[in-house]
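Me: Please pick one helix in this model and look at it closely, together with whatever packs around it. I would enjoy a connected account rather than a list.

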Amino acid sequence: MWLKIEPKEPLLLGEVRADSQFLVGQTYIPGRVLRGAWAEWLARKGIDDVQILNTVGRVRIGNFFPAAEWRHLRYALPLPMSALSCKRRGGFAREPHPERRGHGVVDTLLPHLVYYLLKEQGARFPVPFSLLCQQCGDRMETFSGFYAVYQDGTDHFVHFRPRFHGQTKVALSRYRRASAEGMLYTASALSPRVSAPDRSDGDTALVFIGRVLPPVDDGALSSFKEALAKVALGALHTRGYGRVEVRDADVDLPPLRQRFEAFNQTLRALWQDIRRLAANAQGLPLEPQGLYFSVDLLASGVFQEQGIPTLVPTLPIGGHVLKPLFWMTRPDMASGWSTAWGLPKPTNLAARMRSAYVYRWDGSQEDLIPALQALEEQGIGQRRDEGFGECLICHPFHQEVEEK
Ligand SMILES: [Zn+2]
């Protein structure tokens, strides 16, 4: 179930780092912030702690990603780590506003994967794998942040540009119970208005799109929506910050099966193209063996392998333990606060949001799809009740192997 959250006031979101006087600004709404607001609302209504934990524990609330409200907003997501753009003029070539257009953004996960699989089959390539800008020939670099896809006759890709409301000093209520007592942080609030994708002078509403999983009963959902209508989000929420409206979102992200099939089709097409580049093309298989899928992190993930922290998750599927054969990830630290005790939780090594992992499956597609559906609903790894490990199977941006 997808929801849309529209801030009506500036929004102060962020996290405190031990060594900083600054609140590290976040431009998305973490699911745990929403869960915290819900718990706070239930507490204000006089409901006891155990019942609160039971209620909010029944629903998984994902991260909510930012976009400008404009035309038909199809979906908003973080770009995977495999997205690259021109070093000289980065940005989508399909931005509606001509001045914001860059030389295009391309996803490199599938080309890298095919190159890797063909090398495994003994392919010899005359040149190493590298990508240059199709328009100017310059080098490409990682292109990060959030993007949204809009339907307006054609699909437009728009990179999210936050607008800040200005700096302010803040004492964080969430942390008041711990060592940060009385400490003031400098923070920048997000403005509830952002520039319109097609105009340089006009503006439009900032909205956040995210999921509530698994399909929840109406009682829990209406309690959650009621909380968001009553409790402001983030810091300074008693002083004109953080009031939001929530409504159902008309999101048309392609369904999992369609994303999975498109992922494998693109992989087969790239296989044909890249195979031809090999010096020994004649001796190489005409098609890849097996089925492939990616797991893309929409939140940091906390993973362990036999008790040891790792950045690389294994997946138990249909009695097998699948290990990824190719991945892109970077380390992060997972911290958190216990809702029940108001105390910091242990800090874990985590894989960052936007990490991408590719797995191979040698069984049938019909056995695999329900297992992938369950992964997407439940998330992967540890501390999922705190929102870690939210994932998407076969992120649609992996199909963008031509600059968009
Ligand atoms: Zn370029």
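Reply: Happy to. Two residues are in contact here when their C-beta atoms, placed from the backbone, lie within 7 Å. The model is a predicted one, with pLDDT of at least 70 required for local features and 80 or more for side-chain atom pairs, while totals for chains, interfaces and linings take in all residues. Numbering starts from 1 along each chain as its sequence is written.

Let's settle on α5, residues 256-275 (helices are DSSP runs of H or I with at least four residues, strands runs of E with at least two, numbered from the N terminus). Its 20 residues should span 28 Å at 1.5 Å a residue, and the C-alpha atoms at its ends are indeed 28 Å apart, so the two values agree (the expected span is 1.5 Å times one less than the number of residues).

Which residues of α5 are buried? They are Arg 259, Phe 260, Phe 263, Thr 266, Leu 267, Leu 270, Trp 271, Ile 274 and Arg 275 (buried means 20 or more other C-beta atoms within 10 Å, exposed 12 or fewer, partly exposed in between). Viewed down the axis of α5, these buried residues fall within an arc of 150°, so they line one face of the helix (the arc is taken over directions from the helix axis to the C-beta atoms). On the face turned away from that buried side sit the exposed residues Gln 258, Gln 265, Gln 272 and Asp 273.

What do the buried residues of α5 pack against? Their partners are α3 (109-120), β16 (291-297), α6 (365-378) and β25 (391-393). Each of these partners deserves a look.

Take α3 to begin with. Its 12 residues reach 16 Å from first C-alpha to last, close to the 16 Å expected at 1.5 Å a residue. In α3, Leu 109, Leu 110, Leu 113, Val 114, Tyr 115, Leu 117 and Leu 118 are buried. The elements covering them include α5, and also β7 (105-107), β16, β21 and β24. Just after α3, Gly 122 adopts a positive phi of about 95°.

The strand partners belong to an open sheet. Its 4 strands follow the order β21-β24-β16-β25 and pair antiparallel (strands pair if DSSP finds at least two bridges between them). At the edges are β21 (326-328) and β25, each of which pairs on one side only. From one strand to the next, the twist averages 20°. Between β16 and β25 there are 3 bridges, and Leu 297 has Cys 391 in β25 as its bridge partner.

Now for α6. This helix lies across β16, β24 (356-361) and β25, and runs at about 160° to β25 (axes are lines fitted to C-alpha atoms, for helices over the stretch in contact, with angles from 0 to 180 degrees between N-to-C directions). The loop between α6 and β25 holds Arg 383, whose phi is positive, about 55°, although it is not a glycine. Arg 383 counts as partly exposed because it has 18 C-beta neighbours inside 10 Å. Past β25, in the segment that follows, comes Cys 394. Cys 394 also has a positive phi, near 50°, without being a glycine. With 27 other C-beta atoms within 10 Å, Cys 394 is buried. For context, most residues other than glycine have a negative phi.

How does this region relate to the nonpolar cores of the model? The largest such core has 65 residues, and Ile 29, Ala 37, Trp 38, Phe 65, Ala 67 and Ala 148 have the most contacts inside it (a core is a set of buried Ala, Val, Leu, Ile, Met, Phe, Trp, Tyr and Cys residues joined through C-beta atoms within 7 Å). Helix α1 (residues 31-44) gives the most to it, with 7 residues. Phe 65, leaving aside neighbours within four places in sequence, is in contact with Tyr 28, Ala 76, Leu 77, Pro 78, Phe 146, Phe 208, Ile 209 and Gly 210. A second, separate core of 41 residues includes Leu 117, Leu 270, Leu 298 and Leu 375. Two of these names are already familiar: Leu 270 is among the buried residues of α5, and Leu 117 is among those of α3.
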